Amino acid sequence: MRIDIEDLHVAYAGRTVVAGAHLVAAEGEITGLVGPNGSGKSTLLRAVYRHLRPTAGRVLLAGTDLRELSPVRSARHVAALPQERGSDFELSVREVVAMGRTPYKRAFAGEDAADRDIVSRALADVGMDAHAGRRFTALSGGERQRVLLARAFAQDPDVLVLDEPTNHLDIRHQVDLLALLRSQRRTTLVSLHDLNAAASVCDRLHVLHAGAVVASGPPRDVLTPELMAEVFGVRAVVVDHPLTGDALIAFDHRAPASPQAPVSGSRPATVRCVR
Ligand SMILES: Nc1ncnc2c1ncn2[C@@H]1O[C@H](COP(=O)(O)OP(=O)(O)OP(=O)(O)O)[C@@H](O)[C@H]1O
């Protein structure tokens, strides 16, 4: 199922932080959302997984406004890894992952064999099967992250919405997770800070800046040195990755592109939208 975001506006207490965003997450593709701190990535994703109500515009799931679906019906289609990584579950790891089956259960119905299989597979997919009996609150940040991803997988959604899923993960678990997302071929909308990870895993990228989408397209078309300077305020060159051939962004970690960071409320003048 595809997601269409049309003229989306989202505000906190009257302050608009996503202003007229348009983007498509195509069926079966990995669509990446990148942008500086505070550019509105999490806010946009919160509107997609219905944590926030847009002040204007729409989020369409296969052509239907998400708001027309009941919360249970939309939870069967869209699962999220939010940035709020619930630390207050006094539950075992397995119980947290089993919460992903809730949209399919009648009130007070227990797990059946199919649910147990799905939960076990989700735990194995994130490499947390050996920890199934542990208390969620006793896990490390990266382990919690993987359990919450397993909960999203257990929801068996058509669309995955992932806010910084590689946060806290060591490099091997980052690589495993990104490979898993690619192999699933599910419609995935994912925010990522690591632009090299985004370049290698995403079919298309959308760059958010000051609440607006300022560039969209295949990673190699979008992640240019000019965009890196104007949107992120850093110097970089883009080369071919010697192992994979993907775009590899080599940053100058010694000096920014300009003495001051880009002002978060102002949009770059010259970034070109690639469609
Ligand atoms: N719960 C909130 N209440 C009020 N303002 C908020 C809230 N959450 C975020 N904001 C503000 O909205 C703007 C966009 O924040 P958002 O978290 O969407 O950005 P982001 O691109 O995900 O940032 P980051 O890369 O730092 O995670 C920021 O100015 C932020 O301060």
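**Reading a sheet and its helices**

Modeller: This is a predicted model. Start with the sheet. Six strands make an open sheet, with mixed pairing, in the order β6-β7-β8-β3-β9-β10.

Colleague: Which strands are the edge strands?

Modeller: They are β6 (78-81) and β10 (212-217), and each of them pairs on one side only. From one strand to the next, the twist averages 15 degrees.

Colleague: What packs on the sheet?

Modeller: Helix α1 (residues 41-48) does, touching β3, β7 (159-163), β8 (187-191) and β9. The direction of α1 makes about 150 degrees with that of β8.

Colleague: How do strands of a sheet pair?

Modeller: They pair through backbone hydrogen bonds, either parallel or antiparallel. Here is a parallel case: strand β3 (residues 30-34) and strand β9 (residues 204-209) pair over four bridges. Find Val34, and opposite it in β9 you meet Val207.

Colleague: Which strands pair with β1 in the antiparallel sense?

Modeller: Take β2 to begin with. Strand β1 (residues 3-12) and strand β2 (residues 15-25) are antiparallel over eight bridges. Within that pair, Ile5 has Leu23 as its bridge partner. β1 also pairs with strand β4 (residues 56-61), antiparallel over five bridges. There, Asp4 has Leu60 in β4 as its bridge partner.

Colleague: How many residues lie between β1 and β2 in their hairpin?

Modeller: Two residues lie between them. Look at Ala13 in the turn: its phi is positive, about 45 degrees.

Colleague: Now the helices. How many does the chain have?

Modeller: The chain has nine helices, along with twelve strands. Let us read two of the helices, α4 and α5.

Colleague: What should the 13 residues of α4 span?

Modeller: Use 1.5 Å a residue: helix α4 (residues 113-125) should then span 18 Å. Its end C-alpha atoms are 18 Å apart, which agrees.

Colleague: Which residues of α4 are buried?

Modeller: Ile118, Val119, Ala122 and Leu123 are buried. They sit on the same side of α4, because they cover an arc of only 135 degrees around the axis. The general idea is this. An α-helix has 3.6 residues a turn, so residues three or four places apart point the same way.

Colleague: What does the face turned away from the buried side of α4 carry?

Modeller: That face carries the exposed residues Ala113, Ala114 and Asp117. As for the buried residues of α4, their cover includes α3 (93-98) and α5 (141-154). Just after α4 comes Gly127, with a positive phi of about 70 degrees.

Colleague: How many of the 14 residues of α5 are buried?

Modeller: Twelve are buried, so α5 is mostly covered. Among them are Arg144, Val147, Leu148 and Phe153. Their cover includes β6, α3, α4, β7 and α6 (171-184). From first C-alpha to last, α5 reaches 20 Å, close to the 20 Å expected at 1.5 Å a residue. Just after α5, Asp156 takes a positive phi of about 45 degrees.

Colleague: Step back to the chain. How does its radius of gyration read?

Modeller: The radius is 19 Å, close to the 19 Å that the globule rule gives for 275 residues, so the chain is as compact as a globular protein of that length. Along the principal axes, its C-alpha atoms fill a box of roughly 55 × 40 × 30 Å.

Colleague: What share of the residues is buried?

Modeller: Buried residues are 39% of the 275. Then look at contacts between residues at least 6 apart in sequence: 69% of these join residues at least 24 apart.

Key: Residues numbered from 1 in each chain as written. Predicted model: local features only at pLDDT ≥ 70, side-chain atom pairs only at ≥ 80, totals over all residues. Expected span 1.5 Å × (residues − 1). Buried ≥ 20, exposed ≤ 12 C-beta atoms within 10 Å, placed from the backbone. Arc of directions from axis to C-beta. Contact = placed C-beta atoms within 7 Å. Pairing = 2+ DSSP bridges. Axes fitted to C-alpha atoms, helices over the stretch in contact; angles between N-to-C directions. Rg over C-alpha atoms; globule rule 2.2 N^0.38 Å.
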